[in-house]
Structure formats: C-alpha cells, structure tokens
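Thanks for making time this morning. I would like to walk you through one model, beginning with its sheet and then moving out to some of the helix contacts.

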Amino acid sequence: ELAERLGRSIVLVGLMGSGKSCVGRRLAARLKVAFIDSDAEFEAAAGCTISDYFARFGEPSFRDGERKVIARLMEGEPKVLATGGGAFVDPETRARIKDEAISVWIRADLDLLVKRTSGRDHRPLLKTGDPREILARLMEARYPLYAEADIVVDTTDEPPEVTVAKIIDQL
Ligand code: S3P
C-alpha cells in the first residue's frame, strides 16, 4: 500500500475554500487511512463552533488551541489531516508538519476561493469585511508560506477526485 510505503501522515494546507476537507476525505479513502479535520477536532475539543470561539475568546486564543490540537493529531498512525487555513502559518505548527509529515498545498485562484466560500458563514475571518478583499490579502500574506509545502497541487473548479489523483501522482 502507498500509505504504508510513505510511513508518514499527509497534511493538507491552503486557504479557506481550496477544498482541503473534501479532497482529504477522498484521499484518505483511496489510501485506506484515517481522515481527520483539524477544524472539526478543534470544535469537538472546545465544545463550540470556531465562530463562537472567535467571538468569545478571540483569534490568538484560537491559534493557541489549534496548535495544540494539531500537535496531538500528528501523533499515532499515518493519516490524512486537513488543517484550517491558518495552521501552516503558525511557525511551530509549520515546522512540526514539515518535520513529521508530507505537506500538500492545494493552490487555488481567488475567484475559486470566493466562489467556494460564498454563502457559508462558519468562517469568522470572512465576516469582518468583503470576503474577496480578505481572501486576496490572505493570499498575499500566506502563499509564500504555503509554498514551503513538499507538494503543490493546482486546483480549478474540478471534481475532488481529480485533485486527489493529482496528489497521488506526486506522492
Ligand atoms: C481559518 C480557516 C478556517 C478555520 C478558521 C480560520 C484561517 O479553516 O480554521 O476559521 O485562518 O484561514 P478552513 O481553511 O478549513 O476554512
């Protein structure tokens, strides 16, 4: 099996709307390993949604919690882990992922990210202004960091299976 040969987890990074969770779930099924989503795990640990958490405790506290959750999730058997868009921006988390896992950046253009995130309101960062402007700013700030991932895969408005195949090609 490919997953056994790799011997490490695969961690998906990229902006909100790039398809990390959707692609990750299918990639894990193809590799026959567990799939875990760090946002969902954060919410389970916190006992509330990420939106509520931001409102109550603020972003810095979320980032501390996210760092701890990801450190815990990286332990154990190799798996596919989809991270929240800010996770790989944190220096400690980025170093841990680069050390211990195979990182995959799912890169998408602004139009696609805007389209994929519109009409959904579980992302607190996009509620503070115009989503396109916010995403454009995040692209500028984060793309140089995401570029440190081991594998970069470009995604368009394609079925998730197509993105999965592109990732598997590069493993
Ligand atoms: C965030 C992305 C979200 C979530 C939180 C912050 C970010 O995850 O972790 O709202 O900083 O980009 P997704 O990328 O899964 O939407």
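Is strand 1, residues 9-13, largely enclosed by the rest of the structure or left open to the outside? Please keep in mind, as I answer, that what you see here is a predicted model. Of the 5 residues of strand 1, 5 are buried, and so the strand is largely enclosed by the rest of the structure.

It helps to look at the directions in which those side chains point. In a regular strand the side chains alternate between the two faces of the sheet. Here Ser9, Val11 and Val13 point one way from strand 1, while Ile10 and Leu12 point the other way, and all of these residues are buried.

Let me turn to the partners of this strand. Strand 1 runs parallel to strand 4, residues 101-107, and 5 bridges join the two; within that pairing, Val13 has Trp105 of strand 4 as its bridge partner. Strand 1 also pairs in the parallel sense with strand 3, residues 80-82, in this case over 3 bridges, and there Leu12 stands opposite Ala82.

Stepping back to the whole sheet, we have an open arrangement of 5 strands in the order 2-3-1-4-5, with parallel pairing. The edges are formed by strand 2, at 35-37, and strand 5, at 151-154, each of which pairs on one side only. From one strand to the next the twist averages 20°. Helix 3, residues 38-46, packs on this sheet, where it touches strand 2 and strand 3, and its direction makes about 65° with that of strand 2.

Now to the helix pairs. Two packed helices are described by the angle between their axes and the distance between the axes. Helix 4, residues 50-57, packs against helix 5 at an angle of about 125°, with the axes 7 Å apart, and the two helices are therefore oblique to each other. On the helix 4 side the contact is made by Ile50, Tyr53, Phe54 and Phe57, and on the helix 5 side by Glu59, Ser61 and Phe62. Sorted by class, that contact has 5 nonpolar, 1 polar and 1 charged residues.

One residue in this contact, Phe62, deserves a closer look. Phe62 is found in helix 5, which spans residues 59-73, and Phe62 is partly exposed, with 19 other C-beta atoms within 10 Å, where 20 or more would be needed to call a residue buried. If we leave aside its neighbours within four places in sequence, Phe62 is in contact with Ile50, Tyr53, Phe54 and Phe57. Phe62 and Ile50 are 12 residues apart in sequence, and their C-alpha atoms are 8.0 Å apart in space.

The last pair is helix 7, residues 110-117, with helix 8, residues 131-146, which pack at an angle of about 130° with their axes 10 Å apart. That angle makes helix 7 oblique to helix 8, and helix 7 passes helix 8 in a right-handed crossing. Helix 7 contributes Leu110, Leu113, Val114 and Thr117 to the contact, and helix 8 contributes Pro131, Arg132, Leu135, Ala136 and Met139. By class, the contact of helix 7 with helix 8 has 7 nonpolar, 1 polar and 1 charged residues.

Notes. Residues are numbered from 1 along each chain as its sequence is written. This is a predicted model: local features need pLDDT of at least 70, side-chain atom pairs count only at pLDDT 80 or more; totals for chains, interfaces and linings use all residues. A residue is buried if 20 or more other C-beta atoms lie within 10 Å of its own, exposed if 12 or fewer, and partly exposed in between; C-beta atoms are placed from the backbone. Helices (H or I, at least four residues) and strands (E, at least two) are DSSP runs, numbered from the N terminus. Two strands pair if DSSP finds at least two bridges between them. Axes are lines fitted to C-alpha atoms, for helices over the stretch in contact, and angles run from 0 to 180 degrees between N-to-C directions. Angles under 35 degrees count as roughly parallel, over 145 as roughly antiparallel, 65 to 115 as roughly perpendicular and the rest as oblique. A crossing is left-handed if the near helix is turned anticlockwise from the far one by less than a right angle, and right-handed if clockwise. Two residues are in contact if their C-beta atoms, placed from the backbone, lie within 7 Å. Ala, Val, Leu, Ile, Met, Phe, Trp, Tyr, Cys and Pro count as nonpolar, Asp, Glu, Lys and Arg as charged, and the others, Gly among them, as polar.
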